[in-house]
Each structure stands twice: as C-alpha cells, then as structure tokens.
Amino acid sequence: MTRIVLMSDPKIAAIPVVDCGEPLRDVRAKAPFPVDARRQDDSGAYAQLREGVLRRLVEAGALLPDGVRLLFVEGFRPPSLQRLYFERYAGELRAAHPDWDPERVRDAASRYVSPPEIAPHSAGAAVDLTLVDADGHELDMGTRVNANPEESDGACYTDADNIGATARAHRQLLAAALTAAGLVNYPTEWWHWSYGDRYWALATGADQAIYGPWEPAAS
C-alpha cells in the first residue's frame with residue numbers, strides 16, 4: 001500500500017503559495033446539484049468555494065451517470081473555525097493517549113482535521129461531498145461523511161478494505177468523476193477533495209499552490 005502523506009508532513013507546509021486572488025463564490029447560486037445544510041453557518045461560509053474549484057466541481061457532476069448526483073456538504077471554513085476543529089480533535093486524542101508526544105498527536109489529528117496553517121478548506125480550495133440518488137437519498141459510501149478514524153475503524157480511508165462492495169463501487173464512481181475534473185483526494189477522508197491548495201500541488205507535482213488561506217472580511 002502506498003504510504004499516505006499526511007497534512008502535517010513538513011513537505012506540505014514547504015510548498016509555496018502564490019495566491020491567484022480568485023474570489024469565493026456561493027455554490028448555492030450556481031451549482032446544478034444539492035447543497036446539504038448539516039454544516040450550515042450564519043454567514044453562509046460553508047457554501048462557498050473559489051471560482052476554479054466550483055467550476056471543476058460542476059464539471060465532475062456532469063460526468064456522473066443518470067440518477068446519481070453530487071451532494072455538497074462543506075466548502076470554505078474560516079481559519080478560526082479550522083483552528084477550533086483541529087484543537088478540539090487534538091485534545092480528544094491527547095486525553096485518550098496521554099503517552100503520545102505532541103508530534104504524534106499532531107500527526108494523528110491531521111488524519112481527520114488539517115493543521116490550521118495549511119488547511120485546504122480555509123483556502124476555499126476543498127470540498128466535502130458525497131453522492132445521492134435521484135430522490136436525494138445518500139448512497140452507501142461505507143461510512144458517514146466526516147467519520148473519524150477511531151469511530152470507523154479506519155473505514156473513512158478512501159481505500160479502506162473494511163467496507164462492502166457497493167460502498168467501494170460508489171467511492172470509485174465519485175473518485176473517477178472528481179479526478180477527471182482535476183481534483184485530488186485526501187486519502188484518509190473519502191469525502192474530501194481539493195484543487196489549487198498545497199496538498200493538490202504535492203499530488204500533481206505543481207511548483208506552487210494557487211490558493212492560500214482566505215480571511216473573511218470584517219463585517
């Protein structure tokens with residue numbers, strides 16, 4: 001099995017970012033697929049993506065067979081919220097494993113939540129999503145969206161071997177469409193795909209990321 005490069009790996013942080021300045025766009029205003037409300041926030045940040053990511057997501061949706069659609073769950077995540085998620089999960093791991101040193105906690109946490117300083121969601125470059133049928137029912141993907149490695153016994157990993165044949169076929173269908181549109185997957189989370197961020201640059205061999213952390217304008 002190919003070794004998974006975690007978000008905490010120093011080689012990710014070492015990739016330069018030259019932000020192209022592309023704005024965030026509200027997915028709900030353009031996307032021809034449903035937007036789920038489970039991550040809804042008052043500002044609507046969860047439903048935003050960089051223009052280039054949204055365009056590729058629309059392309060991916062068009063590649064799916066009749067009767068199957070993307071279900072958008074979460075896009076942009078403000079850096080402050082990303083930091084909260086990371087610190088909370090790291091705290092849970094520290095409590096469960098008091099013998100782990102800080103580096104091990106950081107690595108383990110990054111399987112599920114990206115370190116705030118390099119998080120693709122905070123660049124508007126990542127999307128969490130799944131598949132639904134024509135009636136809007138979520139397809140069997142082996143785990144729920146955002147299942148962590150502990151609760152799923154590792155079944156959240158994209159290539160996990162402890163899922164059924166139907167779930168595996170659905171993951172492959174999702175991956176084929178998104179990969180064809182230029183997005184890359186974070187292998188510890190079958191639902192997480194990105195374009196233009198540092199992890200994308202590593203996966204594709206790009207010299208630099210084109211999307212960096214995006215700070216929401218003060219209201």
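Colleague: A cavity is a set of grid points where a 1.4 Å probe fits but cannot get out; how many cavities of 30 Å³ or more does the structure hold?

Modeller: This is a predicted model, and the search for enclosed space applies a lower limit of 30 Å³. With that limit, the number of cavities that the structure holds is one.

Colleague: Which charged residues line the largest cavity?

Modeller: About 50 Å³ of space lies in the largest cavity, and its lining has six nonpolar, one polar and three charged residues. Val17, Ile118, Ala119, Ala123, Tyr211 and Pro213 are among the lining residues, as is Gly212. Because Asp, Glu, Lys and Arg count as charged, the charged residues in this lining are Glu117, Asp197 and Arg198.

Colleague: Turning to helix α2, how far does it reach from its first C-alpha to its last?

Modeller: Helix α2 covers residues 51-62, which makes twelve residues. At 1.5 Å a residue the expected value is 16 Å, and the reach in the model, which is close to that, is 17 Å.

Colleague: Which buried residue of α2 is, with Leu174, one of the two that touch the most other members of the largest nonpolar core?

Modeller: The buried residues of α2 are Gly52, Val53, Leu54, Arg56, Leu57 and Ala60, and they pack against β1, β2, β3, β4 and α6. One of them touches Phe33, Leu49, Leu70, Phe72, Val127, Leu129, Leu178 and Leu183, leaving aside residues up to four places away in sequence. In the core of 58 residues, the partner of Leu174 in touching the most other members is Leu57.

Methods: Residues are numbered from 1 along each chain as its sequence is written. This is a predicted model: local features need pLDDT of at least 70, side-chain atom pairs count only at pLDDT 80 or more; totals for chains, interfaces and linings use all residues. Side-chain values use heavy atoms; hydrogens and water are left out. Helices (H or I, at least four residues) and strands (E, at least two) are DSSP runs, numbered from the N terminus. The expected span of a helix is 1.5 Å times one less than its number of residues. Buried means under 20% relative accessible area, exposed over 50%, partly exposed in between (1.4 Å probe, protein chains only). Contact means heavy atoms within 4.5 Å. A nonpolar core is a set of buried Ala, Val, Leu, Ile, Met, Phe, Trp, Tyr and Cys residues joined through side-chain atoms within 4.5 Å. On a 1 Å grid over the protein atoms alone, a cavity is a set of points where a 1.4 Å probe fits but cannot get out, and a pocket is an open set with protein on both sides within 12 Å along at least five of seven lines; lining residues have an atom within 4 Å of a point. Grid points are joined across faces, edges and corners, and a volume is the space filled by probe spheres set on the points.
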